[in-house]
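Subject: Structure for your review

Dear colleague,

Please find the structure below, handed over for your own work. My findings follow it.

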Number of protein chains: 2
Amino acid sequence: MNSNKVVTISDVADKAGVSKSTVSQYLNNRFEYMGEQTKLRVAEAVEELGYQPNIVARSLKQKTSTTIGVIVANISHEFSTEIVRSVEKYCNESNFHIIVCNAEDDPEKEKKYIEMLRAKQVDGIIVFPTSTNKELYQSLNLENYPMVFIDRYVPDVNVSAIMLDNAKASSLAVEEFTRLGYERLGIVTNSTVNNVTPRIERIDGFSEALAENQLEIYESYIKGVNIEDFPRELENMMTSRDRPDALLAGNDLALIEVLKYAKNNQISIPEDLGVIGIDDVSFASFYNPEITTIAQPTEEMGEKAAKLLLDQIMNRAESSPQIHRFEPTLIKRLSCTEQGGKEYEGTF
Amino acid sequence: MNSNKVVTISDVADKAGVSKSTVSQYLNNRFEYMGEQTKLRVAEAVEELGYQPNIVARSLKQKTSTTIGVIVANISHEFSTEIVRSVEKYCNESNFHIIVCNAEDDPEKEKKYIEMLRAKQVDGIIVFPTSTNKELYQSLNLENYPMVFIDRYVPDVNVSAIMLDNAKASSLAVEEFTRLGYERLGIVTNSTVNNVTPRIERIDGFSEALAENQLEIYESYIKGVNIEDFPRELENMMTSRDRPDALLAGNDLALIEVLKYAKNNQISIPEDLGVIGIDDVSFASFYNPEITTIAQPTEEMGEKAAKLLLDQIMNRAESSPQIHRFEPTLIKRLSCTEQGGKEYEGTF
DNA sequence: TTGTAAGCGTTATCAC
DNA sequence: GTGATAACGCTTACAA
């Protein structure tokens, strides 16, 4: 074939015996004033040379890169990867690419990523924000930089956010537990020290749901702690007098800790402990026992995030930023079941 | 603050009262001939204006984008997301970004992605290749386009590949099964119609290991079929006379199907059926029963892939492309255990 | 209907 | 030590 030299628009122009602008017109489908002849000649030249436009050059000129950044807080959550998948899918349909970044819950990393992404002229970002970079987000927002938050939001930063209705998720769990006869309910989730929105909302929603259902609130069974501290916390909880008889796991990692603890300590689910997990983890439907979960509509959430962002990028943005809440759905399985026989403790 | 106008290198030059070239020198740490004075003035200007270099412009000039593409065959496999995570981690250390693409096992999609990535001037790609785009890979390779294959390789395309020692993985399983007294061994994995390397290698390795261990080969228990057909295939297998007493699941999705089937049909693992899964899935350690698995060193594999690619990009490539095989490790858990009591069927 | 030329924000060459 | 100037490959007024 030809030499290794990359073929540019000039080469095509030369070969077709027209000017660069004409080729450019052709490439951008501006055929209005183009002669049939030229069109054909250009088409032929493009074909023969195997020409591929250089998008970087185009980006420089047009100040747009058809690329967006996705910064996940922690890629270890199944939820994160599902969102990434969904966003990628929607973007692909619009011929956008996504640069995936994993902030690992580190605000410094997050900041560095944002700066790099902007330097690369990505057209916008979807981010699971840490609460500690508020100023950064505020300044981006002031510049009207296209951005959407997902899973969490940052107070006082007027940016659209895609969120689960977390309070609803908790109340769904509480109601299911009580309906089935569990009485001493607890919730365990990751550390709340950084005010990560969903954790706070799930915990608060949990307490409220207890109150609404006139259930006793056991403060010591409401825990937001680091994953590493889970074994200890669970041990404390489960060896106390009047230990909880049902536990809501705030996310996949929390659920795993609960299941491990139960397994290691011969606590049988659902008899000794009812369990519900937020996030419909991959193994829920075939775990023994099958896990009752509260699912987030990840596919739709990712799609909505991508859609909102692309709309901002294309200047067909919704009127004003808002928090979009998505409905959680309870998927009943077998990790919490009817506890009617609870009184007859003598049965075993 | 300043107007919304983006600040460029010219602005910095003006503000510092020097030329663009000097600023550029400064930005690229070429201090050799730079006066202390100018250095300081430039630094100050950069600071005050909050200047951020435009990487797109730089890319255009330097023909490098510090971005690589990662095309996964199917992002639904846990293995894929772990590789992505690991690659991202290593790239981040070298200040590279990754564009993630999900080919969904579709060669057309894969091709389109590759073209788009090249148009975006990504410096190289890491790809889980489909075998049907051989010509494309060959031509990329002829141009010396930086590329590394992972999980699979394409015959006759001389590109480095990161692979599991799949034959070893299968033999590890066969040996474990036989050591524990299982006798009628089977393997189930995804469809082999497209000659996807690991599936073929795992199946072939399985047969070979059976032969080496003088075990009987049950052809009908060696299946590479579409995931959707698993329930039917498993049903056929498990209801046949002399049904298999142990099954190796070729990957995470296959394992899930086996576990579901067992669960739905009251087949108890490991008593009725020994199970080993290739890929140390997230739930293996706390499933009931805990699943014996054969783990791929995903972290190292991803890192090696990234390293090889960046080496090619930086022109410090290894002498010649080769297939790098990684050792699988057997993680013994409880989904296959001593079958000594098999003869005394009367025990229960 | 098509061509000319300027410009996007950098970097690199080579004078001064 | 520093500064003009051209160049990267494309788009886009505007001219022809």
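**Contact between the two chains**

Chain A brings 46 residues to the contact, and chain B brings 46 residues as well. Please note that this is a predicted model.

The area buried between chain A and chain B is about 4400 Å². Carbon and sulfur atoms give 57% of that area. In chain A, the residues that lose the most area to chain B are A:His97, A:Lys120 and A:Phe286, which together account for 16% of what that side buries.

As to specific interactions, 2 salt bridges are counted between chain A and chain B. A salt bridge joins the side chains of B:Lys263 and A:Glu290, with an N to O distance of 3.7 Å. Polar contacts across the interface of chain A and chain B amount to 23 residue pairs, with both residues at pLDDT 80 or more.

Which elements of chain A supply the side that touches chain B? At least two residues each come from α4, α5 (78-93), β2 (97-102), α6 (107-119) and α11 (252-264) of chain A. Of the elements, α6(A) gives the most to this side, with 7 residues. Sorted by class, the side of chain A that touches chain B holds 19 nonpolar, 17 polar and 10 charged residues.

**Protein around DNA strand C**

There are 26 residues around DNA strand C, and those that come nearest are A:Ser21, A:Tyr33, A:Thr38, B:Ser24 and B:Tyr51. The surface near the strand comprises 13 polar, 8 nonpolar and 5 charged residues.

Both chains provide helices here: α2 (20-27) and α4 (55-62) of chain A, and α2 (20-27) and α4 (55-62) of chain B, each supply at least two residues of the surface near DNA strand C. The largest share, 4 residues, comes from α4(B).

Which part of DNA strand C do the atoms within 4 Å of the protein belong to? Sugar or phosphate accounts for 64% of these atoms, and bases for the rest.

Three approaches to phosphate oxygens of DNA strand C may be of use to you:

- A polar side-chain atom of B:Tyr51 is 2.6 Å from a phosphate oxygen of the strand.
- For A:Gly35, a polar backbone atom lies 2.8 Å from a phosphate oxygen of the strand.
- For B:Ile9, a polar backbone atom lies 2.8 Å from a phosphate oxygen of the strand.

B:Tyr51 thus appears both in this list and among the residues that come nearest to DNA strand C.

With kind regards

Technical notes. Residues numbered from 1 in each chain as written. Chains lettered and ligands numbered in written order. Predicted model: local features only at pLDDT ≥ 70, side-chain atom pairs only at ≥ 80, totals over all residues. Heavy atoms only, no water. Near = heavy atom within 4 Å. Polar contact = N/O pair within 3.5 Å; in protein donor to acceptor, adjacent residues only side chain to side chain. Nonpolar A, V, L, I, M, F, W, Y, C, P; charged D, E, K, R; others polar. Contact = heavy atoms within 4.5 Å. Buried area = accessible area lost by both parts, 1.4 Å probe. Salt bridge = Lys/Arg side-chain N within 4 Å of Asp/Glu carboxyl O.
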